[in-house]
Amino acid sequence: MRIALAEARYGDVILFRPSSVFGRLIALIDGGPYSHGAIYLEERHGRHLFVEALTDGGVVLSVLDEHAGNFDVFRAPLPQEKKAALLALVNRRRYDFLKIWRILNFYLFARPLPRDDSQRFICTELVNWVHGFTLADELATPRTVHERLR
């Protein structure tokens with residue numbers, strides 16, 4: 001269920017609409033309106049913090065630009081006990097470039113689909129991992145996570 005940013009709690013999922021050529025390509029191939037996913041962490045000193053997996057930094061802590069308007073927040077809270085496990089990944093897990101290549105092979109050439117794991121992450125794989133692999137049955141993409149949460 002989509003919610004307002006002001007209602008966000010730890011664990012809620014943030015899905016971003018494309019804002020770059022690469023993002024538009026992801027949304028086009030994936031077949032949905034979103035190109036990126038992240039986990040809401042908390043509001044601190046008037047700033048909304050979230051954790052995401054980025055190509056140029058792996059798992060990182062970021063500040064949400066609420067005025068950009070290119071995102072939606074979906075209710076998917078987690079118990080506070082899981083926060084330490086998520087924060088332990090920040091700056092310690094790398095981005096899974098090979099997974100992106102394998103996803104493209106799946107969509108373009110019907111090659112076997114890789115399963116999510118917890119060694120390296122793409123953005124929505126991190127989201128699915130934090131939620132105990134409950135947001136997608138096989139592979140978490142922005143579209144499959146959105147379908148589960150709406």
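A residue counts as buried when its relative accessible area is under 20%. By that cut-off, 49% of the 150 residues of the protein chain are buried. The model is a predicted one. It holds 5 helices and 6 strands, and the points below cover its overall form, the pairing around strand β6, the salt bridges, and the region of helix α1 with the loop that follows.

**Overall form**

- From the N terminus, the order of elements is β-β-α-β-β-β-β-α-α-α-α.
- The chain is as compact as a globular protein of its length, because its radius of gyration of 14 Å is close to the 15 Å that the globule rule gives for 150 residues.
- Along the principal axes, the C-alpha atoms occupy a box of roughly 45 × 30 × 25 Å.
- Contacts between residues at least 6 apart in sequence include many across long stretches of chain: 62% of them join residues at least 24 apart.
- The accessible surface amounts to about 8,100 Å², and carbon and sulfur atoms account for 54% of that area.

**Strand β6 and its partners**

- Strand β6 spans residues 71-74 and pairs with both β1 and β2.
- The pairing of β1 with β6 is antiparallel and rests on 2 bridges; within it, Arg2 has Phe74 as its bridge partner.
- Strand β2, residues 13-16, also runs antiparallel to β6, and 4 bridges join the two. Here Ile14 stands opposite Val73.
- In a regular strand, side chains alternate between the two faces of the sheet.
- In β6, Phe71 and Val73 point one way, while Asp72 and Phe74 point the other way. These four residues are all buried.

**Salt bridges**

- Side chains of opposite charge can pair when their charged atoms come close.
- The model has 9 salt bridges, counted with a limit of 4 Å between a side-chain nitrogen of Lys or Arg and a carboxyl oxygen of Asp or Glu.
- One of them joins Arg2 to Asp72, with 3.6 Å between the closest N and O atoms. This pair links distant parts of the chain, Arg2 in strand β1 (residues 2-3) and Asp72 in strand β6, 70 residues apart.
- The two ends of that bridge fall in opposite classes of exposure. Arg2 counts as exposed because its relative accessibility is 55%, over the 50% cut-off. Asp72 has a relative accessible area of 9%, so it is buried.
- Lys83 and Glu42 form another salt bridge, with 3.1 Å between the closest N and O atoms. Lys83 lies in helix α2 (residues 83-89) and Glu42 in strand β3, so far along the chain that 41 residues separate these distant parts. Both residues are buried.
- Asp137 and Arg148 meet at 3.0 Å, N to O. Asp137 lies in the loop between α4 (123-130) and α5 (142-149), and Arg148 is in helix α5, so the bridge ties together parts that are 11 residues apart in sequence.
- Asp137 is exposed, with a relative accessible area of 61%, whereas Arg148 is partly exposed at 40%.
- Salt bridges with shared partners also join Arg2, Arg17 and Asp72 into one network.

**Helix α1 and the loop after it**

- Leu25 sits in helix α1, which covers residues 21-30. At 42% relative accessibility, Leu25 counts as partly exposed.
- Together with Phe22 and Leu28, Leu25 makes a nonpolar surface patch of about 330 Å².
- Gly31 and Gly32 are both found in the loop between α1 and β3, the latter strand being residues 36-44.
- Gly31 is exposed, because its relative accessible area is 57%. Gly32, at 18% relative accessibility, counts as buried.
- From C-alpha to C-alpha, Gly31 and Tyr10 are 28 Å apart in space and 21 residues apart in sequence.
- For Gly32 and Arg17, the C-alpha separation is 9.3 Å, and they are 15 residues apart in sequence.
- With its neighbours within four places in sequence left aside, Gly32 is in contact with Ala27 and Arg143.

Conventions:
Residues are numbered from 1 along each chain as its sequence is written. This is a predicted model: local features need pLDDT of at least 70, side-chain atom pairs count only at pLDDT 80 or more; totals for chains, interfaces and linings use all residues. Side-chain values use heavy atoms; hydrogens and water are left out. Patches are made of residues with over 30% relative accessible area and no salt bridge: like charges are joined within 9 Å, nonpolar side chains (Val, Leu, Ile, Met, Phe, Trp, Tyr) within 5 Å. Accessible areas come from the Shrake-Rupley method with a 1.4 Å probe; for residues, only the protein chains shown count as cover. Buried means under 20% relative accessible area, exposed over 50%, partly exposed in between (1.4 Å probe, protein chains only). Two strands pair if DSSP finds at least two bridges between them. The radius of gyration is taken over C-alpha atoms; the globule rule is 2.2 Å times the number of residues to the power 0.38. Contact means heavy atoms within 4.5 Å.
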